Every structure is written in C-alpha cells, then in structure tokens.
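I open this page to keep track of what I look up in the model, one entry per topic. I begin with a single helix and work outwards from there.

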Protein chains: 2
Amino acid sequence: MSSDLTARARIRDAAIKLFAERGIDGATIRDIAQEADVSSGLLRHHFGSKEGLRDACDEYALNELTKLSGQFSEFNTLDGLTPRVQQLQRYLIRSTMDGSPTGAAMFDRMLVFGNEWLATTNLKIADPEAFVAVLAVMKMSLFTMRDLMSRALGSDVTEPATWARMLQASLDLFSQPLITEEQAAQARAALDRLAAGEE
Amino acid sequence: MSSDLTARARIRDAAIKLFAERGIDGATIRDIAQEADVSSGLLRHHFGSKEGLRDACDEYALNELTKLSGQFSEFNTLDGLTPRVQQLQRYLIRSTMDGSPTGAAMFDRMLVFGNEWLATTNLKIADPEAFVAVLAVMKMSLFTMRDLMSRALGSDVTEPATWARMLQASLDLFSQPLITEEQAAQARAALDRLAAGEE
DNA sequence: TAGCGTACTACACGCTTGTGTAGTCGCAAG
DNA sequence: CTTGCGACTACACAAGCGTGTAGTACGCTA
C-alpha cells in the first residue's frame, strides 16, 4: 500500500500502527521491522534504539496532528477526523499512558485549550481545574477504549460511520443535563461526607 | 501491613496491585512474588500459570466488587468508594483492556445497568446503544487515566479528597449542558456530512 | 514411628527481548 | 578504478521472561 515511501518513513508508520495497537512494550522491534518489510537492524540504524524510535514517533505524530487538525481534540474540528488522524491520536494517547513526556505535554496543551474554551462559555464551575481535566480525560477515552467501543456498537469504530455514531452519542451527552439538580446536590453532599469524614 | 494473610491471598493482592499499576504484561511473576514475599515457584504452585493467576484475580475482583458495592459504577453508590474498591475497579478495567473475558463480561453488565438507568430517566436519545456505551467508557476512563488525572490535579487521586474533587467535577459535567442546542445541531450536521460523504 | 500430601524453595531450561558487531551492496566524488 | 559513505542485512550476545523439575519442611492420619 504505502511501499513507495522511504524505508525510514515505512518504519515510522509501522511503529505508530503497532505501538497504538499493542502498546509500547507490546510491540517488538522485530514485529515493527517485519511490518515495514525491513530488517530489525535497519530500524536500529535509523533510530538508534527503541526509545529513539518512540521519540521520533511522538514528535512526528504531534507535528502531523497540529498540522492536520490545528488545535485538535476540539469538537468543532470534527471534519478533519480521518482514520489517519484517528490513528495518530490513538498512538499519541497510548504513548502518553505509557509515560511519554511528549504525550504529557500534549495533555497539558489539551488542558490549556479546555480552559480557553471554558472561558468562552458562561458556565459557572466551582473547580475549573478539575472540570477541564475530567473533560479532557473523557475525550481521550474515546480513543483508548476503542476495542470495547467497537464491541458495544457491533462494528469497528475506525469506520467513519461507526465513529460518527459514537460522536453523535457524545453530542447527546454534552448537550443536555443527564441528572437533575436535586440528584446532583444529593451526590455532592455524599461526596462532601466522603471527603471530610474518612481518613 | 497485610502479612497476616495466607500466602495465597498475599500473592493475589500483590498481583492485583502490580497488574493494575503496570498492566498484565508489564508485571512479571518474579515481581509479584517479591511483592508478596514468597518465591516465584509458590505462585506457580497455587495458580498454575500467569494466566491462571490473572483468571483468579479477575474472578476475585469481580466478586469482591459486587459484594462491596452492589452494582458498582453507578453514581449513587459513591459512598462505598474506598481506596480498596478503587484499586479493584482499576485492576479489572486494566485487565479488561488487556483482553480479559471476565472484564468484557463486566463491561456488558455496565451496559445493561446503563440501559436500565436510562429507562428511569426521561431522556430522549436517538441512539441509546451508542449513548450508553459512550457513558460507560467515559466513566471507566476516570480509573484508567489515573496518572494523568493526578498530574493535572496536583495530587494523587487515590486520596479520598482528590478523588472527591474529581467526582464533583464530573457532577458538574453531567448536571448541565455544556454546549448549546445550536452548537450541537451544527456539529450533528457536520457529522452527517462526514458519515455520508466520505468513503 | 512410618507414610503421605501440601506448602514452599532453589535452580535450570528454552524462548524472546533489545542491543551490539561485522559485513555487503550501491552510488557519488576524486 | 577506488575510495568512502550511507542504506541495509545477518548473526551473535546478555538479560529477562514464563515455565518445568527436583527437593525440603511440616502437619496430619494410621
């Protein structure tokens, strides 16, 4: 399919694919090399080590994402959400969860964007820091839980139609209150008890 | 701390802890044995294999959770959310993401509970299946993204106070609409275009 | 006391992992 | 032609993995 690319680029793409699918530790150098149709030595020749390869993937994914979809992870930029962008996001989030500093930086940026977005609304949030963090984490979960999501929906969420279905549902979720104010107040009270009463 | 337990129980607890922290593949048998202060052979003697240990942990975690907090993962059962329950949930979700059938069964149960809850409300959802799935996944994300969450909030979410802070924020999120109906309609249209127009 | 099963340990095996090393091929410069 | 350099491969190495095996210590029953 993309065998007209440089070997270096093929390795990078294969690594992003397998890292995203199996995690950083789960994808071996030999697997990646085979996926890219090169020897494992060449991988080492180009990227120095597995860590080096991962760093290169992090940087590439972050650059591509910012180039392709601007400040990604916002709902208004849904139109550019091609499978490729999905894969890059999925890789970067996976890398983040496995302790990548680049990924952590991305997360921080998501928090900044979230705060900016919050300022444009007239929502009154008691704890904006926590609010934005929860929101960011929940958005990311749509990528990390891809397998479970596909299972629940009965078809692969990588397909645009299924993906759209999932996003429609998240719109339902964010455009109306799910619990009443009384229920919320009740839960809040229970939480206060929890936070104060227990050691 | 809990060295008065059976060796078998100590191994199980150590496995749940390390599996939750590092993932199934990331936690080695030797690490778990050392954490439980036994030899790695004893682990094999009691559980047969790493897979057997994992199965035992799955079953134990699921039983404990249903025993401790009823149908967990609902907002009204927040009071029983001790650090121990948190850890069990975190383990089970991690095991689920790494392909455990027990975990998948738990996820299915969450979907059933979600549908039942949805029936008690008077929400009109176009695609209940997707809606409930998204909701379930987002709830689970609060456990899977623990590290990022702690990072964003500046203190470990395992602490009850920080955990409560996070849940307060999620109450804010679910008790009011975050986007207006116009914004939602606009996004919906964009999604329809995406689902239909692209191959 | 003898016998036996269970909890438990020490140690070795084979495999896979990331990494290191030596060497081949092709091409551009002198 | 040959020299050099980067792309690329084949192969060996040490370490860590899950697993298998042999053996010890202890408590129960006859």
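**Entry 1: helix 2 of chain B**

I am working with a predicted model, and I looked up which residues of helix 2 of chain B are buried: they include Ile32(B), Ala33(B) and Ala36(B). These three cover an arc of only 100° around the axis, and therefore they sit on the same side of helix 2 of chain B. I then turned to the other side of helix 2 of chain B, where I found Arg30(B) and Gln34(B) exposed.

Following the chain onwards, I noted that helix 2 of chain B is followed by Asp37(B), with a positive phi near 65°.

**Entry 2: Asp37 in both chains**

Why did I stop at this torsion angle? Most residues other than glycine have a negative phi. Asp37(B) is a residue other than glycine, yet its phi is positive. I placed Asp37(B) in the loop between helix 2 and helix 3 of chain B, and since its relative accessibility is 65%, I count Asp37(B) as exposed.

I repeated the lookup in chain A, where Asp37(A) has a positive phi near 65° and lies in the loop between helix 2 and helix 3 of chain A. The relative accessibility of Asp37(A) is 65%, so I enter Asp37(A) as exposed.

**Entry 3: DNA strand D**

Which residues come nearest to DNA strand D? Of the 15 residues around this strand, I wrote down Ser39(A), Thr28(B), Arg30(B), Arg44(B) and Lys50(B) as those that come nearest. I then asked which part of the strand the protein meets, and found that sugar and phosphate account for 61% of the atoms of DNA strand D that come within 4 Å of the protein.

I looked up individual contacts to the phosphate oxygens of DNA strand D and kept three of them:

- A side-chain N or O atom of Lys50(B) is 2.8 Å from a phosphate oxygen of DNA strand D.
- For Ile29(B), a backbone N or O atom is placed 3.0 Å from a phosphate oxygen of DNA strand D.
- From chain A, His46(A) has a polar side-chain atom 3.1 Å from a phosphate oxygen of DNA strand D.

Going from residues to elements, I recorded that helix 3 (40–47) of chain A and helix 2 (29–36) of chain B each supply at least two residues of the surface near DNA strand D. Helix 3 of chain A gives the most to this surface, with four residues. By residue class, I entered the surface near DNA strand D as five nonpolar, six polar and four charged residues.

**Entry 4: DNA strand C**

I put the corresponding questions to DNA strand C, which has 15 residues around it; Thr28(A), Arg30(A), Arg44(A), Lys50(A) and Ser39(B) come nearest. Of the atoms of DNA strand C within 4 Å of the protein, I found 59% in sugar or phosphate, with the rest in bases.

Where does the side chain of Arg30(A) meet DNA strand C? I located one of its polar side-chain atoms 2.9 Å from a base nitrogen of DNA strand C. I also entered Ile29(A), with a polar backbone atom 3.0 Å from a phosphate oxygen of DNA strand C, and Ser39(B), with a polar side-chain atom 2.8 Å from a phosphate oxygen of DNA strand C. The elements giving two or more residues to the surface near DNA strand C are helix 2 (29–36) of chain A and helix 3 (40–47) of chain B, and helix 3 of chain B gives the most, with four residues. The residues of the surface near DNA strand C divide into five nonpolar, six polar and four charged.

**Entry 5: how the two copies are related**

I superposed the copies on paper: a turn of 180° with a shift of 0.0 Å along the axis lays chain B on chain A with an RMSD of 0.0 Å. The two copies are therefore related as by a two-fold rotation axis. The same surface serves both copies, with 100% of the contact residues of chain B recurring in chain A.

**Entry 6: chain A as a whole**

I closed with the overall make-up of chain A, which has ten helices and zero strands. Of its 199 residues, 50% are buried, and among the contacts in chain A with a separation of 6 or more, 58% come from residues 24 or more positions apart.

How values were computed:
Residues are numbered from 1 along each chain as its sequence is written. Chains are lettered from A and ligands numbered from 1 in the order in which they are written. This is a predicted model: local features need pLDDT of at least 70, side-chain atom pairs count only at pLDDT 80 or more; totals for chains, interfaces and linings use all residues. Side-chain values use heavy atoms; hydrogens and water are left out. A residue is near a molecule or strand if one of its heavy atoms lies within 4 Å of it. A polar contact is a pair of N or O atoms within 3.5 Å; within protein, one must be able to donate a hydrogen and the other to accept it, and residues adjacent in sequence count only if both atoms are side-chain atoms. Ala, Val, Leu, Ile, Met, Phe, Trp, Tyr, Cys and Pro count as nonpolar, Asp, Glu, Lys and Arg as charged, and the others, Gly among them, as polar. Copies are superposed by least squares on the C-alpha atoms of residues with pLDDT of at least 70 in both. Contact means heavy atoms within 4.5 Å. Buried means under 20% relative accessible area, exposed over 50%, partly exposed in between (1.4 Å probe, protein chains only). The arc is that of the directions from the helix axis to the C-beta atoms.
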